[in-house]
Amino acid sequence: MARLDVTEVFHGILFPGHLHTQDSLQRALEFPFQDTDILIVSYPKSGTTWMQEIVTLISSRGDPHLSHTVPNWTRAPWLEQYYCADFLKASSSGPRVLTSHLPHHLLGPALQASNARVIYVSRNPKDVLVSFYHFHKMANFLPEAGSFPEFLDKFLESKLHYGSWFDHIKGWTNQAAALNLLHVTYEEMSMDLRGTLDRVSSFLQRPLLEDELNNCVKHCSFSSMKDNKMINYSLVPGEIMDHSKGSFMRTGQIGDWKNMFTKEQNQRFDSVFNSKMHDCTLEFVWEEEEEKGESR
Ligand code: A3P
């Protein structure tokens, strides 16, 4: 199958060319944010789609109609992708929900003029890397994944599309106090979905009744989302995402990296991680609770 991996290089970062143009990327940097906007920001494979679903469900008070009838990229379009302006024009009432994978040093200045709510979603980088590796195999708009050791090197050297994971997380979380920003981790969504929904609904000033909260929990569980074609990317044509090579809703686990990393790869990762993150106080969850005590 022909690949679609045309690349746009913007401010030194690689982006998939079938979704991004120089113009669409530049327009994102000049986006006129409104105080009512909700912006979901993440490095790819950190739980972006999950948060899109959470925000949709909170906004509709647990009613799944929207999430069952409108694709996630229409109800929470990526700001930097070329179709964003058209989707925003077509969207109706309610606060705008936007998504972005851009790093803070590029998007931060546009946000400064507003009090838009930013939800930053992060995930432990070993699981991000493994999820991204599998995603490269099915996403024809990204370069060939290559071997896992090659992919791991590119992640550590910040040579993958969307730029450096290290710069992304440090850039956004260092600026949290200057922004109206809530930091949510994939691991907390996984270990305490109800508590996360509570935190996000408070941040959005959309307190939920018990029944509404129960419905949100039900509809944004892994099994519900896996079967929802508006969010599982099965609507994307096979020439863009080869569904025979994997599924977007893959494992949804914490600690899947242990199934891929060798001991040596793990040591190398830890050594690069420690040197690049020495100035960062964030703590990461590397494995499910019951597995703790095993090697990281
Ligand atoms: P895996 O590939 O590890 O399964 P993004 O939306 O940022 O691209 O992230 C995709 C990752 O989030 C995938 O991880 C996907 O399975 C996981 N994910 C999406 N919805 C989820 C949910 N409801 N529960 C757990 N994981 C979820």
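Which atom of the ligand lies 3.0 Å from a polar side-chain atom of Arg123? In this predicted model, the partner of the Arg123 side chain is an oxygen atom of the ligand. Two further polar contacts involve ligand nitrogen. A polar side-chain atom of Tyr186 lies 2.7 Å from a nitrogen atom of the ligand. The backbone contributes as well: a polar backbone atom of Phe222 is 3.4 Å from a ligand nitrogen atom. Taken alone, the ligand exposes 570 Å², and the protein buries 97% of that area. In total, 18 residues surround the ligand. The closest are Thr48, Thr49, Ser131, Tyr186 and Thr251. Tyr186 thus appears both in this closest group and in a polar contact with the ligand.

Helix H8 spans residues 148-156. Its buried residues are Phe148, Phe151, Leu152, Phe155 and Leu156. Seen down the axis of H8, these residues fall within an arc of 135°, so they line one face of the helix. An α-helix has 3.6 residues a turn, so residues three or four places apart point the same way. The buried residues of H8 pack against three helices: H7 (125-138), H9 (165-174) and H14 (263-276).

The segment after H8 contains residues with positive phi. Ser158 follows the helix, with phi near 60°. Tyr162 is found in the loop between H8 and H9. Its phi is positive, about 80°, although Tyr162 is not a glycine. Tyr162 has a relative accessible area of 7%, under the 20% cut-off, and therefore counts as buried.

Arg61 also departs from the usual glycine assignment: its phi is positive, about 55°, although Arg61 is not a glycine. This residue lies in the loop between helix H2 (48-59) and helix H3 (65-69). Its relative accessibility is 33%, so Arg61 counts as partly exposed. Tyr162, by contrast, is buried.

Toward the start of the chain, strands S1 (residues 7-10) and S2 (residues 13-16) run antiparallel. They are joined by 4 bridges. Phe10 has Ile13 of S2 as its bridge partner. The hairpin leaves 2 residues between the strands. His11, in this hairpin, takes a positive phi near 50°.

Definitions and conventions
Residues numbered from 1 in each chain as written. Predicted model: local features only at pLDDT ≥ 70, side-chain atom pairs only at ≥ 80, totals over all residues. Heavy atoms only, no water. Pairing = 2+ DSSP bridges. Buried < 20%, exposed > 50% of the residue type's maximum accessible area, 1.4 Å probe, protein only. Arc of directions from axis to C-beta. Contact = heavy atoms within 4.5 Å. Near = heavy atom within 4 Å. Polar contact = N/O pair within 3.5 Å; in protein donor to acceptor, adjacent residues only side chain to side chain. Areas by Shrake-Rupley, 256 points an atom, 1.4 Å probe, with all protein chains shown as cover.
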